[in-house]
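Here is a short report on a ligand site and the pockets around it. Keep the model open as you read.

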Amino acid sequence: MRRGNQERENYLDLLERLKTYFPAPVSNQIMDGYFIHTVSHFLDRVDDLKSAAPILGRGREQHYHAIMEEAFPEEMTSVEEVTKLLVSYCQGMPIWGHPNAQVNVIPPSTIPSITAVIAAAIYNPNIIWNAYSGHFAEAEIKAVAMLSDLVGYDSHRAGGLFTFGGTGTILYGCKLALEKLFDGKVMEEGLREDVKIVASDTSHYSRLNVAGWLGLGMKNLVTIPTTRDNEMNLTDLEDYLRQAFSQGEKVAAIIATLGTTDAFGIDDLSAIVRLRDHLAEEYNLSRPPHVHADAVIGWVWAVFRDYDFEANPLGFHARTLRSLQDSLKMMGSLALADSIGVDFHKTGYAPYISSAFLVKDRQDLTLLSREPEQMPYLYHFGDYHPGIYTLECSRGAGGALAAYANIRLLGKQGFRILIGHVVEMAEMLRERLENHPAIQVLNDFNYGPVTLFRVYPDGVDAEQALPRELSDPSYREEVERHNDYNFRIFRIIQERAMQGEGVWLSRTDAYRYADYDGEPGPPIAALKSFILSPWTNLTAVDTVARQVLEAREQVDGK
Ligand SMILES: *Cc1c(COP(=O)(O)O)cnc(C)c1O
């Protein structure tokens, strides 16, 4: 019946209905009211999904096979129906800002950063060119300038852009490195020989993607072992570089990780740059390796560069101050890097995706332009055309505007409070875990918002077990047994957290690998607490310590 009617309906009548699916292009308060009502209705319905648990509604069993056969619908539906659908897709979403969520390096978003993304969604700017993005383009330039100022780059020389994630920042860094090595010829002629990229073995796996996708090949990725502090071993780096340079091997880039994803390990950037400069002179290199700082997590610690640690006006605890200062000692030298990656969707409290790639010398970006004779930075003529050198053609402005919004909203002060708080909470957690003989904190020299720890069964001396696990081949079976033990504890904690009882943690299968005299041994799994929420408090911290012990008793069958 309905179908028959619809077939006879003139498209122009349907078009009238269809127009109500869009925000009105001219001032129309009734339609604006409808738009706001839709969003507000959505928020109300999502609110109904909230409970004591750090998740919206219930996680549902996924039956991906069935949905893979979903057919393309025949008819239009309505804004209301689709809104209802959208609400249902929020089911099972972790609430990152929940005091009982300590899952990963995923922040809750601030209201202005969300508004920025909404603004970009409504007006749909494309920052390929200022003509298509109005003042949104300015937000990108300003955010880049303010970040350059934060890390200590000379803003008369520095530049940068927003891109598709931390992976994108590493891709830009390595691409620039390649072009610098070959005078910008790779763009035109392609890569014709083996070229190496160097990173530590606890650096992010996106290095593999970058090596693969840039056509360098993953086999040309050189991984340098890390120390127990999860920091690139400088002796190994030097050994490798000397061997490479003396054999005439080409090294395009060294990626220094400032804040590894699992353990918050921080490479000694200034030592790496010194080593690069020293060897460049010694081996007479005309094109020394480009140093890219993968600071997608750690960049925000730069807000403490001019914090008065003596007077400590924000009143952080002594343990927190020590931790912040220790991180800063490593992180304060960011400006020495030739390029830097910054993620606002990690420690910048903005929605995905908001990633900035900064370069010390913006002239370098010329090497990426398809028309190299054209200068990429043409601000003087009122024109901004980053599309000349960006990989992306369509460039959404939400990420840049969200970053800009948070910088303006929070300033150094706000970021100091946020980061100071989450580090303080992590310190409190570590204090509690360290006090228990069956628990070993694994990243005890890496002070950040993340705590990796491992739980041991009764009868095992945890303090003695861990060093053996890391180095003793005859202890391999125990490593595997303890990995399984930790996994079972994790599952109990996970189940309870989903019932609204306790804190949701995560785990890592391999916080690092055992090292059997240079041979990689089995992975060492760990439980992981990543605190980023301003709502995390001492109650949540106490809960973690308590629930780990309760889960342990359950696994032990007590
Ligand atoms: C997350 C992460 C990346 C990758 O960033 P995406 O934004 O996820 O693409 C790279 N390096 C480190 C250290 C990371 O933690």
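How many residues surround the ligand, and which are the closest?

## The ligand shell

The shell holds 15 residues. Gly-166, Thr-167, Thr-261, Asp-294 and Lys-346 are the closest. A residue counts as near a molecule if one of its heavy atoms lies within 4 Å of it. By class, the shell has three nonpolar, nine polar and three charged residues. Here Ala, Val, Leu, Ile, Met, Phe, Trp, Tyr, Cys and Pro are nonpolar, Asp, Glu, Lys and Arg are charged, and the others, Gly among them, are polar.

This is a predicted model: local features need pLDDT of at least 70, side-chain atom pairs need 80 or more, and totals for chains, interfaces and linings use all residues. Residues are numbered from 1 along each chain as its sequence is written, and side-chain values use heavy atoms, without hydrogens and water.

## Polar contacts and cover

Three side chains make polar contacts with the ligand here (pairs of N or O atoms within 3.5 Å). Asp-294 places a polar side-chain atom 2.6 Å from a ligand nitrogen. For Asp-343, the partner is a ligand oxygen, at 3.0 Å. His-345 has a side-chain N or O atom 2.9 Å from an oxygen atom of the ligand.

On its own, the ligand has 380 Å² of accessible area (Shrake-Rupley method, 1.4 Å probe). The protein covers 87% of that.

## The pocket that holds the ligand

The ligand sits in the second largest pocket. To sit there, more than half of its atoms must lie within 2 Å of the pocket's grid points. A pocket is an open set of points on a 1 Å grid over the protein atoms alone, where a 1.4 Å probe fits, with protein on both sides within 12 Å along at least five of seven lines; lining residues have an atom within 4 Å of a point.

α8 (166-181) and α14 (344-347) each give two or more residues to the ligand shell. α8 gives the most, with three. Helices are DSSP runs (H or I) of at least four residues, and strands (E) of at least two.

This pocket has about 970 Å³ of space. Its lining has 43 residues, with Asp-201, Thr-202, Ser-203, Arg-207 and Ala-510 nearest the centre. β10 supplies the largest share, eight residues.

## The largest pocket

About 1600 Å³ of space lies in the largest pocket. Among its 44 lining residues, Phe-42, Leu-43, Cys-90, Ile-114 and Ile-118 are the closest to the centre. α3 gives the most to this lining, with nine residues. The classes are 31 nonpolar, eleven polar and two charged.

Definitions and conventions
Polar contact = N/O pair within 3.5 Å; in protein donor to acceptor, adjacent residues only side chain to side chain. Points joined across faces, edges and corners; volume = space filled by probe spheres on them.
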